[in-house]
Amino acid sequence: MAKVNIVRPGEGEILGSGAQRIRILENGDHTEHRLGFAEVTIPPGTPSPLQHRHAQHDEGFYVLAGTFRFTVGEDHYDAGPGTWVIVPTGAPHTFANIGDENAVMLNTFTPDLYVQYFRDFKAMIDSGRPVNAETMRPLWKTYATEISDEYAS
């Protein structure tokens with residue numbers, strides 16, 4: 001029989017510190033790498049990722065608290081608690097917390113490719129390297145992701 005995995009409150013791999021953090025709930029080990037799953041907490045005023053697209057995984061977002069603004073190309077969508085957003089492979093996108101309090105969402109990636117990206121991104125931040133297009137391009141390339149230059153500001 002397959003082993004069931006249970007992650008309770010306060011458990012899971014924590015990436016980040018303080019108010020901004022990613023809690024890995026499923027790293028792919030229990031799904032034959034078909035699914036990665038995380039709880040993402042973003043404080044107000046946190047810069048959003050550069051608009052980007054993934055070539056090898058779909059990404060889903062389910063908002064638990066706060067309000068996120070999802071930008072897809074030139075379109076903007078505000079998403080509050082209970083909203084589900086699915087970004088298929090190839091769609092340019094980014095997101096930001098537009099509220100005054102921490103915003104929290106569940107984040108899926110199918111397959112689980114992006115779990116290791118989050119670890120590598122944390123290592124880059126911890127090393128003191130700046131987060132910009134120059135430093136992100138090689139990291140994202142490793143995970144079949146590219147900056148959506150046509151929407152760069």
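**View 1. A nonpolar patch on the surface.** A patch is made of residues with over 30% relative accessible area and no salt bridge, with like charges joined within 9 Å and nonpolar side chains (Val, Leu, Ile, Met, Phe, Trp, Tyr) within 5 Å. The model you are looking at is predicted, so local features need pLDDT of at least 70 and side-chain atom pairs count only at pLDDT 80 or more, while totals for chains, interfaces and linings use all residues. Residues are numbered from 1 along each chain as its sequence is written, and side-chain values use heavy atoms, with hydrogens and water left out. Here Tyr62, Leu64, Trp84 and Ile86 make a nonpolar surface patch of about 380 Å² (Shrake-Rupley method, 1.4 Å probe, only the protein chains shown counting as cover for residues). The elements giving two or more residues to this patch are β5 (58–65) and β8 (84–87); strands are DSSP runs (E, at least two residues), numbered from the N terminus. Ile86 sits in strand β8 and is partly exposed because its relative accessibility is 48% (buried is under 20%, exposed over 50%, partly exposed in between).

**View 2. An open sheet of three strands.** The strands follow the order β7-β6-β9 with antiparallel pairing, where two strands pair if DSSP finds at least two bridges between them. At the edges stand β7 (75–79) and β9 (94–97), each with a single partner strand, so one side of each has no neighbour in the sheet.

**View 3. Where β6 meets β9.** Strand β6 (residues 68–72) is joined to β9 by four bridges, and the two run antiparallel. Phe68 has Asn97 as its bridge partner in β9, and Arg69 stands opposite Ala96. Both faces of β9 are covered, with Thr94 and Ala96 buried on one side and Phe95 and Asn97 buried on the other.

**View 4. Arg69 and its charged partner.** Arg69 also forms a salt bridge (a side-chain nitrogen of Lys or Arg within 4 Å of a carboxyl oxygen of Asp or Glu). Its partner is Asp78, and the closest N and O atoms are 2.7 Å apart. Arg69 is partly exposed at 32% relative accessibility, and Asp78 is partly exposed at 47%.

**View 5. A salt bridge between distant parts of the chain.** Glu146 and Arg53 meet through their side chains, 3.6 Å from N to O. Glu146 belongs to strand β11 (residues 145–147) and Arg53 to strand β4 (residues 52–54), 93 residues apart. Glu146 is partly exposed at 44% relative accessibility, whereas Arg53 is buried at 17%.

Conventions. Buried < 20%, exposed > 50% of the residue type's maximum accessible area, 1.4 Å probe, protein only.
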